[in-house]
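User: Please take a close look at one strand in this model and at what surrounds it. I would like one connected account rather than a list.

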Amino acid sequence: MVRKYTTGPLNNLTEKDRTVSKDIVVNSLNQNQHENAKVRIKVYALNGRKKLIHNVAFTVKPNASAYNSFFVGNTKQYEVQFISNQRKVQFASFGISPKDRFVAAHRVINSELTRLV
């Protein structure tokens, strides 16, 4: 069974440093007690036409987490998609400003993700 989730479109176009992300950090938490989770993270630039800019696959061990960092500094809008073969995997995405601070507008936690069919 494959599960897919999305952040939806996130605007990354403003003059204020506190609401622009140069990078995003994506967390994956496997809460399964006994099985590895296969995870794929896809990041799309939405500057007019949707374009895949990052596509990373990895395995998360049982009761463990993993994080990845992706550059999105050239995007006016972006979307993060999370794909897993396990039900008990949770995801979150956080924006990081050019001054290496969290961007609250780009914080998307598991309960805020939209499931893709």
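The account below starts from the whole chain, goes to one strand and its partners, and ends with the rings and the loops.

Analyst: This is a predicted model, and the strand I have picked is β3, residues 23–30. Some context on the chain comes before the strand itself.

The chain has ten strands and zero helices, so that its elements, read from the N terminus, run β-β-β-β-β-β-β-β-β-β. Its radius of gyration is 14 Å, close to the 13 Å that the globule rule gives for 117 residues, so the chain is as compact as a globular protein of that length. Taken along the principal axes, the box filled by the C-alpha atoms is roughly 45 × 30 × 20 Å. Of the 117 residues, 41% count as buried. The accessible surface comes to about 7,100 Å², and carbon and sulfur atoms account for 48% of it. Contacts between residues at least 6 apart in sequence join residues at least 24 apart in 73% of cases.

Now to the strand. Six of the eight residues of β3 are buried, so β3 is largely enclosed by the rest of the structure. Which strands pair with β3? One partner is β6, which pairs with β3 in the antiparallel sense over eight bridges. Another is β8, residues 89–96, which is joined to β3 by eight bridges and also runs antiparallel to it. Asn-27 can be used to place both pairings: this residue stands opposite Tyr-67 in β6 and opposite Ala-92 in β8.

Ser-28 also lies in β3. Is Ser-28 buried or exposed? Its relative accessible area is 1%, below the 20% limit, and Ser-28 therefore counts as buried. Leaving aside residues up to four places away in sequence, Ser-28 touches Val-39, Ile-41, Phe-58, Val-60, Ala-64, Ser-65, Ala-66, Gln-90 and Phe-91.

One of these contacts, Phe-91, leads to the aromatic rings. The structure holds three aromatic pairs. The ring centres of Phe-82 and Phe-91 are 4.8 Å apart and their planes meet at 25°, so this pair is stacked. Both residues are enclosed: Phe-82 is buried at a relative accessible area of 0%, and Phe-91 is buried at 3%. Ring pairs also bring in Tyr-5, which forms a cluster with Phe-82 and Phe-91. Another pair is made by Phe-94 and Phe-102, with ring centres 6.0 Å apart and planes at 70°, so that pair is edge-to-face. Phe-102 counts as exposed, at 63% relative accessibility. A ring contact of another kind involves Lys-50, which lies over the face of Tyr-44 at 4.5 Å from the ring centre.

Phe-58, another contact of Ser-28, gives a reference point for distance. The C-alpha atoms of Phe-58 and Asn-74 are separated by 25 Å, with their positions 16 residues apart along the chain. Asn-74 is in the loop between β6 (64–71) and β7 (77–84), and with a relative accessible area of 63% Asn-74 is exposed. The reverse case is offered by Ala-104 and Ser-21, which are 83 residues apart along the chain while their C-alpha atoms are separated by 9.9 Å. Ala-104 is in strand β9, residues 102–108, and counts as exposed at 67% relative accessibility.

Two loops next to the partner strands remain. Most residues other than glycine have a negative phi. Asn-63, in the loop between β5 (51–60) and β6, has a positive phi near 55°. Asn-63 is partly exposed, with a relative accessible area of 47%. Asp-100, in the loop between β8 and β9, likewise has a positive phi, near 60°. Asp-100 is exposed, at a relative accessible area of 56%.

To return to the strand: β3 is largely enclosed, with antiparallel pairing to β6 and to β8. Among the contacts of its buried residue Ser-28 is Phe-91, whose ring belongs to the cluster with Tyr-5 and Phe-82.

Terms used:
Residues are numbered from 1 along each chain as its sequence is written. This is a predicted model: local features need pLDDT of at least 70, side-chain atom pairs count only at pLDDT 80 or more; totals for chains, interfaces and linings use all residues. Side-chain values use heavy atoms; hydrogens and water are left out. Rings of Phe, Tyr and Trp (its six-membered ring) pair if their centres lie within 6.5 Å; planes under 30 degrees apart count as stacked, over 60 as edge-to-face and the rest as tilted. Buried means under 20% relative accessible area, exposed over 50%, partly exposed in between (1.4 Å probe, protein chains only). A charge sits over a ring if NZ of Lys or CZ of Arg is within 6 Å of the ring centre and within 35 degrees of the ring normal. Helices (H or I, at least four residues) and strands (E, at least two) are DSSP runs, numbered from the N terminus. Contact means heavy atoms within 4.5 Å. The radius of gyration is taken over C-alpha atoms; the globule rule is 2.2 Å times the number of residues to the power 0.38. Accessible areas come from the Shrake-Rupley method with a 1.4 Å probe; for residues, only the protein chains shown count as cover. Two strands pair if DSSP finds at least two bridges between them.
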